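Here are my notes on the model you sent over. Have it open on your screen while you read, and click on each residue as it comes up.

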Amino acid sequence: MKKNPELTLTAIAADLKKHRTDALVLAVRKTSDGPELLSSHLSAQDSEALESSFRALGVTGKADEVLRLPSLESTDAEVLVVAGVGSLDGQDDDEALRRAAGSVTRQVTGFERVTFAFPAETVSAAVAIAQGAALGAYSFESYRSEAHRAKTADEKVLREVVVATGAATDKALKPALQETAAIVRHVHQVRDLVNTPANDLYPETFAAHAKEAGSSLPVTVEVYDDARLAKEGFGGLLGVGRGSARPPRLVKVSYTPRGKHPHLAIVGKGITFDTGGISLKPPLNMDQMKSDMAGAATALHTVLALAELKAPVRATAWLCMAENMPGGNATRPGDVITMFGGKTVEVLNTDAEGRLVMADGLAAASLEEPDVILDIATLTGAQLVALGRRTTGIMGAPEVRDALHETAQAVGETSWPMPLPEELRATIASQVADLANIGERLGGMMTAAVFLQEFVGEARGAKIPWAHIDIAGPSYNDTAAYGYTGKNGTGAMLRTLVAYAQGLAAKN
């Protein structure tokens with residue numbers, strides 16, 4: 001798999017006249033009086049000339065607006081780029097800067113060094129700009145032909161993002177930039193996995209990736225093959241994977257730093273391709289079902305990121321991998337399967353398969369009695385109906401759900417807390433088994449979470465604090481690119497999970 005080039009994130013406070021760069025990026029704010037140039041670091045004469053040209057150039061300052069211009073005498077840059085940052089009204093300013101920076105690197109290519117002269121007087125603002133630029137620079141070229149690569153071989157690739165900031169001398173900035181660079185690398189690796197086609201990424205090769213990715217980090221990676229899954233009774237994984245020639249896997253990735261630390265378990269859905277099984281999906285857009293393993297990819301690289309950052313928190317990922325195919329041995333609607341831990345489930349719809357593999361993972365994770373269990377999955381189409389393409393649904397114990405939502409807001413990811421209505425439990429009752437795998441169609445996102453809740457165990461005499469994260473829409477962007485989010489895999493919620501885990505450590 002071809003990797004994105006390593007990006008260096010740095011900060012300067014120097015006179016831009018003496019700073020050599022390929023492209024200098026300036027911010028333009030949208031106001032009721034027209035576009036306003038912000039914190040340009042240009043000479044007064046150049047700033048005035050540039051701002052007076054905005055109306056003629058059609059510059060408004062709206063978000064995602066990017067315009068490439070000739071350079072000016074007061075800089076030592078090859079070109080000038082102006083980027084809209086929206087209203088920048090004091091609410092979510094860091095995210096506005098993050099998106100604007102990402103929009104620039106996503107749309108303007110062919111430069112090795114790009115310098116951002118955005119308003120950035122704090123460490124958080126400088127880090128947001130650098131992070132957005134790094135996220136926006138992602139590309140996926142692994143499957144381009146040699147002929148295509150030859151055509152683009154001479155094009156320069158972004159290797160350094162420089163932020164001009166008043167916080168350049170703050171001792172906290174350099175380690176913060178190093179941390180965000182590491183997190184972005186793992187977001188990109190999630191994107192790579194999601195974008196990889198299912199003929200190359202299936203349970204066995206996904207498990208091999210986990211072992212390789214963790215080989216240089218202080219983690220242990222344990223792979224449960226299909227024989228072990230059968231011996232230990234992982235009926236959900238085996239039931240979903242029965243129709244495929246490629247058997248399922250369960251992968252446990254453990255990061256255990258020295259000392260006593262809170263333990264976070266993350267269960268990830270890893271359906272490497274989802275046809276719907278016997279309950280076959282419509283063919284339109286089925287190609288996107290290669291992304292149905294985004295939850296497992298996110299769980300894996302969250303734990304690997306925590307290990308790389310040496311976070312003082314114990315973290316375990318449970319990656320539930322299967323391919324859902326309509327083969328001759330596939331589970332049929334009406335079959336009853338016995339899950340890990342002994343509960344029985346009547347499968348009324350084989351396209352509600354994610355909750356079956358996740359149930360096995362949740363039951364297994366519960367045996368270790370972690371302090372918190374999270375699960376993350378591209379679980380339901382109902383998530384898109386309820387919250388749209390960009391907003392993650394979070395359900396579960398209120399204290400965990402709300403803390404995750406607040407963390408997502410803080411790092412610039414969009415989520416919304418949802419309830420678990422008690423009346424939905426009755427809709428997943430079965431006439432022949434302990435549970436059915438589907439219930440009432442209305443509120444389907446929450447019904448799926450109610451099902452998963454049944455497999456969360458107890459510790460110290462009480463239910464383990466748990467939350468379910470549905471990223472069905474946010475994990476894969478099949479519409480227009482925006483901000484730092486390009487097409488296809490997005491790596492949604494990894495930044496949130498890393499920050500949430502760090503928050504657990506801080507409370508210890």
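The points below start with the whole chain and then move to single places in it.

1. First, a reminder: this is a predicted model. The protein has 15 helices and 22 strands. Its radius of gyration is 24 Å, close to the 23 Å that the globule rule gives for 508 residues, so the protein is as compact as a globular protein of that length. If you want a feel for its dimensions, the C-alpha atoms fill a box of roughly 80 × 50 × 45 Å along the principal axes.

2. Next, inside and outside. Of the 508 residues, 57% are buried. The protein exposes about 21,000 Å², and carbon and sulfur atoms supply 50% of that area. As for charge, there are 50 positive and 61 negative side chains, and the centres of the two sets lie 3 Å apart.

3. How do contacts run along the sequence? Take the contacts between residues at least 6 apart in sequence: 76% of them join residues at least 24 apart.

4. Now zoom in on helix α1, which covers residues 44–52. Which of its residues are buried? D46, S47 and L50 are. Looking down the axis of α1, you'll see the buried residues fall within an arc of 100°, so they line one face of the helix. Turn to the other side of α1 and you'll find A44, Q45, E48 and S52 exposed.

5. What do the buried residues of α1 pack against? Their partners are the strands β2 (20–31), β3 (34–38), β4 (66–70) and β5 (76–84), plus the helix α2 (54–57).

6. Stay with strand β2 for a moment, as A23 sits in it. Is A23 buried or exposed? Its relative accessible area is 1%, and anything under 20% counts as buried, so A23 is buried. Leaving aside neighbours within four places in sequence, A23 is in contact with V79, V81, F111, R113, V114 and T115. By way of a long-range check, try the distance from A23 to M445: these two are 422 residues apart along the chain, and their C-alpha atoms are separated by 45 Å.

7. Two backbone angles deserve a look. Most residues other than glycine have a negative phi. K310, however, has a phi near 55°, a positive value in a residue that isn't glycine. You'll find K310 in the loop between α10 (294–308) and β11 (314–324). With 67% relative accessibility, K310 counts as exposed.

8. The other angle belongs to E369, which has a positive phi of about 50° although it is not a glycine. Where is E369? It lies in the loop between α11 (354–366) and β14 (372–377). At 38% relative accessibility, E369 counts as partly exposed.

9. Last stop: G342, in the loop between β12 (336–338) and β13 (344–346). Why is G342 called partly exposed? Its relative accessible area is 40%, and the partly exposed class lies between the 20% and 50% cut-offs, so G342 belongs there. Now pick out G233 as well: G342 and G233 are 109 residues apart in sequence and 8.1 Å apart in space, C-alpha to C-alpha.

Conventions:
Residues numbered from 1 in each chain as written. Predicted model: local features only at pLDDT ≥ 70, side-chain atom pairs only at ≥ 80, totals over all residues. Heavy atoms only, no water. Helix = DSSP H or I, 4+ residues; strand = E, 2+ residues; numbered from the N terminus. Rg over C-alpha atoms; globule rule 2.2 N^0.38 Å. Buried < 20%, exposed > 50% of the residue type's maximum accessible area, 1.4 Å probe, protein only. Contact = heavy atoms within 4.5 Å. Areas by Shrake-Rupley, 256 points an atom, 1.4 Å probe, with all protein chains shown as cover. Lys, Arg positive; Asp, Glu negative; His and termini not counted. Charge placed at Lys NZ, Arg CZ, Asp CG, Glu CD. Arc of directions from axis to C-beta.
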